[in-house]
Amino acid sequence: MKKILVVDDSVTVRMYHRQILENADYEVDEAENGMEALEKISECKYDMYLVDINMPILDGYSFLKRFRENDGFDAPIIMVSTEAEENDKLLAYEYGANLYQVKPVGTDELVISANLLTT
């Protein structure tokens, strides 16, 4: 079973994404911010990451940058945010995101993206 780490400071958003992904037969783990996510990946490798941008302690861009700086950390990352400006998307791709989706992400859109990126 493929494992996905959902990184978002909102409990509601994490639960929403968890439910969608678990219903699509993914194993899901959660982190409240980028720093907690970095701690979790030191113990476990995930097949994909779903990461919010605006979070306390360590935001999504900073997480993405640190993640991509590590050798062997090449799993796909979907950035998910309420930020819909073109500049936000460009910055996410510049730091190494594989996909950028604007919240709220629809069920089908999330599952299709996860399926494509984890095959």
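## A tour from helix 1 outward

Start by selecting Arg 14, His 17, Ile 20 and Leu 21: these are the buried residues of helix 1. Their directions span an arc of only 135° around the axis, so they sit on the same side of helix 1. The arc is taken from the directions that run from the helix axis to the C-beta atoms. Buried stands for under 20% relative accessible area, exposed for over 50%, and partly exposed for what lies in between (1.4 Å probe, protein chains only). An α-helix has 3.6 residues a turn, so residues three or four places apart point the same way.

A word on the model: it is predicted, local features need pLDDT of at least 70, side-chain atom pairs count only at pLDDT 80 or more, and totals for chains, interfaces and linings use all residues. Residues are numbered from 1 along each chain as its sequence is written, and side-chain values use heavy atoms, with hydrogens and water left out.

Now show the whole of helix 1. It has 13 residues and reaches 18 Å from first C-alpha to last, close to the 18 Å expected at 1.5 Å a residue. That expected span is 1.5 Å times one less than the number of residues. Helices (H or I, at least four residues) and strands (E, at least two) are DSSP runs, numbered from the N terminus.

Turn to the face away from the buried side. Thr 12, Met 15 and Asn 23 are the exposed residues there. Go back to the buried side and add its cover. That cover includes strand 1 (3–7), strand 2, strand 3, strand 4 (77–81) and helix 5. Contact here means heavy atoms within 4.5 Å.

Next, select Asp 25. It lies in the loop between helix 1 (11–23) and strand 2 (27–31). Its phi is near 70°, a positive value in a residue other than glycine. Asp 25 counts as exposed, at 57% relative accessibility.

Move to Ile 57, in the loop between strand 3 (48–52) and helix 3 (60–69). Phi of Ile 57 is also positive, near 70°. Its relative accessible area is 70%, so Ile 57 is exposed.

Now display strand 4 and strand 5. They pair in the parallel sense over four bridges; pairing takes at least two DSSP bridges between two strands. Pick Val 80: its bridge partner in strand 5 is Gln 101. Add helix 4 (residues 86–95), and the three elements make a right-handed β-α-β unit. Right-handed means that, with the strands pointing away from the viewer, the path from the first strand over the helix to the second runs clockwise.

Last stop: Pro 104, in the loop between strand 5 (99–102) and helix 5 (107–117). A cis peptide bond joins Lys 103 to Pro 104, with omega about -5°.
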